[in-house]
Amino acid sequence: MIRLQRPRWFGDSKRDLNRATEIRRIRLLISDTGGGHRACATALRDALLEAGPDLHVDIVDGLRETGRFPIHRMPELYTRWSEKRNLWRTTFYLTNGRRLSNTLIYPWQRFSKHALRRSIVEGDPDLVVVLHPCLTYATYKTVQGMVNRPQIATVVTDLVYGHASWFAHGADRYFVPTEAMMNRALKQKIPREKIQLTGLPLASRLFELRARRNQLRNELGFERPSVICVGGADGMGIQRIAPALAKVSKGIDVHLVCGKNEALKRKLEAQKFGDNIHLHGFVSNLPEMLAASDMALIKASPTVLMEALTVGAYVLLYDFVPGQEYPNVRFVQEHGLGDFSRSPKAIVTKINEHFERLAHLPFEERAVNFVPQDGARTIAQELLRG
């Protein structure tokens, strides 16, 4: 079970305001390799602006902004690379050591030093928050020796297990989502006093949606039992399982969210599924859709997984990125929060069986115990606390 350490000063608005005056300009460094990094950064930005309305907070894609080949193409290459499961698994574990990962990133950091410095310190930020493992070491090395060095913080957005590159030494503070990730940081020799257990930074409105389920179902027109299938920003893995989902019981609506992958959406539209299969491109109300649904059919991405659990959806995982996401599968199964299968045929069977049960598993009550509350706000206030 995730047990959070709530700061003693949390909720002291007077102190929060005083601390907010000490930091004015904040830069959040991410890369759009999957949708989770930007979603977490957006939630954190909103929480920071809520705590300090006069702050200037921007989000920068640190890999794309370096302008150096091939690093600046990583957001586009990520989906193709991660779908090559054996290649990704091999790469992940061969580089999964702090010194080795630092050594591999060092040539890029030196080659792109000036472009990196511009993307990191443009606008003279007082604080730089890194939310992507490929940017940790490079950021620390780039700002080393600067006269007006900004404060550096790392926010780990993997849930249970993370690549060693998350824990490159050099940040002033590290924010981790779970006790398992805290132990991972300690094994990577991060000093305990620099680590704070806060939960993932999730959109604050998620915590209000659970109570609005019936209202949301009416607003979205969810009249029948509903499944939301999400594959991240690029619709990863949906094409593989979509044909089988056509065999889901006709009394169950299946909503396939293809994200920004318009090519995938066009391919699926050409297949002419039945009336119970609904195709969506990029949606801005995914949390509301998850809250209104009965089941979230998702990849084991930490952000969308915790979003689904937060709003009370039953989770069925259909895939994972080898390495950092497989422990998320175990997390869901061990705590009775959902199920997993990569087989399209088995997925359809599990969906039909779930909705045939006379009484659903009491997952809503159990899920609450595993969902950190107000992670974004906690991180924001700790950052402004200094």
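**Exercise 1.** In this predicted model, find which residue of β3 stands opposite Leu28, and place the pair in the sheet.

*Solution.* Step 1: Leu28 faces Val129 of β3. Step 2: Leu28 falls within β1 (25-30) and Val129 within β3 (127-130); the two strands pair in the parallel sense, over four bridges. Step 3: the open sheet has six strands, ordered β2-β1-β3-β4-β5-β6, and its pairing is parallel. Step 4: β2 and β6 (195-197) are the edge strands, each pairing on one side only. Step 5: from one strand to the next, the twist averages 20°.

**Exercise 2.** Determine which strands helix α2 lies across, and at about what angle to β1 the helix runs.

*Solution.* Step 1: α2 comprises residues 36-51 and lies across β1, β2, β3 and β4 (151-155). Step 2: the angle to β1 is about 170°. Step 3: another helix, α9 (residues 179-187), also packs on the sheet, where β5 (173-176) and β6 are touched. Step 4: the direction of α9 makes about 170° with that of β6.

**Exercise 3.** Describe the surroundings of β5: its bridges, its two faces and the unit to which it belongs.

*Solution.* Step 1: β4 and β5 run parallel and are joined by three bridges; Val155 has Phe175 as its bridge partner in β5. Step 2: β5 and β6 are likewise parallel, with three bridges, and Tyr174 is partnered by Ile195 of β6. Step 3: Arg173 and Phe175 lie on one side of β5, Tyr174 and Val176 on the other; all are buried, and both faces are covered. Step 4: together with α9 and β6, β5 makes a right-handed β-α-β unit.

**Exercise 4.** Classify the packing of α7 and α8 as roughly parallel or roughly perpendicular, and list the residues that make the contact.

*Solution.* Step 1: the axes of the two helices come within 10 Å and cross at roughly 95°. Step 2: angles of 65 to 115 degrees count as roughly perpendicular, and α7 and α8 are therefore roughly perpendicular to each other. Step 3: α7 contributes Lys113, Leu116, Arg117, Ile120 and Val121, and α8 contributes Ala138, Thr139, Thr142 and Val143. Step 4: these contact residues divide into five nonpolar, two polar and two charged.

**Exercise 5.** Identify the buried residues of α7 and what covers them.

*Solution.* Step 1: in α7 (residues 113-121), Ala115, Leu116, Ser119, Ile120 and Val121 are buried. Step 2: an α-helix has 3.6 residues a turn, so residues three or four places apart point the same way. Step 3: the cover includes β1, β2 (56-61), α3 (62-65), α6 (98-111), β3 and α8 (136-143). Step 4: after α7 comes Gly123, with a positive phi near 90°.

Key: Residues numbered from 1 in each chain as written. Predicted model: local features only at pLDDT ≥ 70, side-chain atom pairs only at ≥ 80, totals over all residues. Heavy atoms only, no water. Buried < 20%, exposed > 50% of the residue type's maximum accessible area, 1.4 Å probe, protein only. Contact = heavy atoms within 4.5 Å. Pairing = 2+ DSSP bridges. Axes fitted to C-alpha atoms, helices over the stretch in contact; angles between N-to-C directions. Parallel < 35°, antiparallel > 145°, perpendicular 65-115°, else oblique. Nonpolar A, V, L, I, M, F, W, Y, C, P; charged D, E, K, R; others polar. Right-handed = clockwise from strand over helix to strand, strands pointing away.
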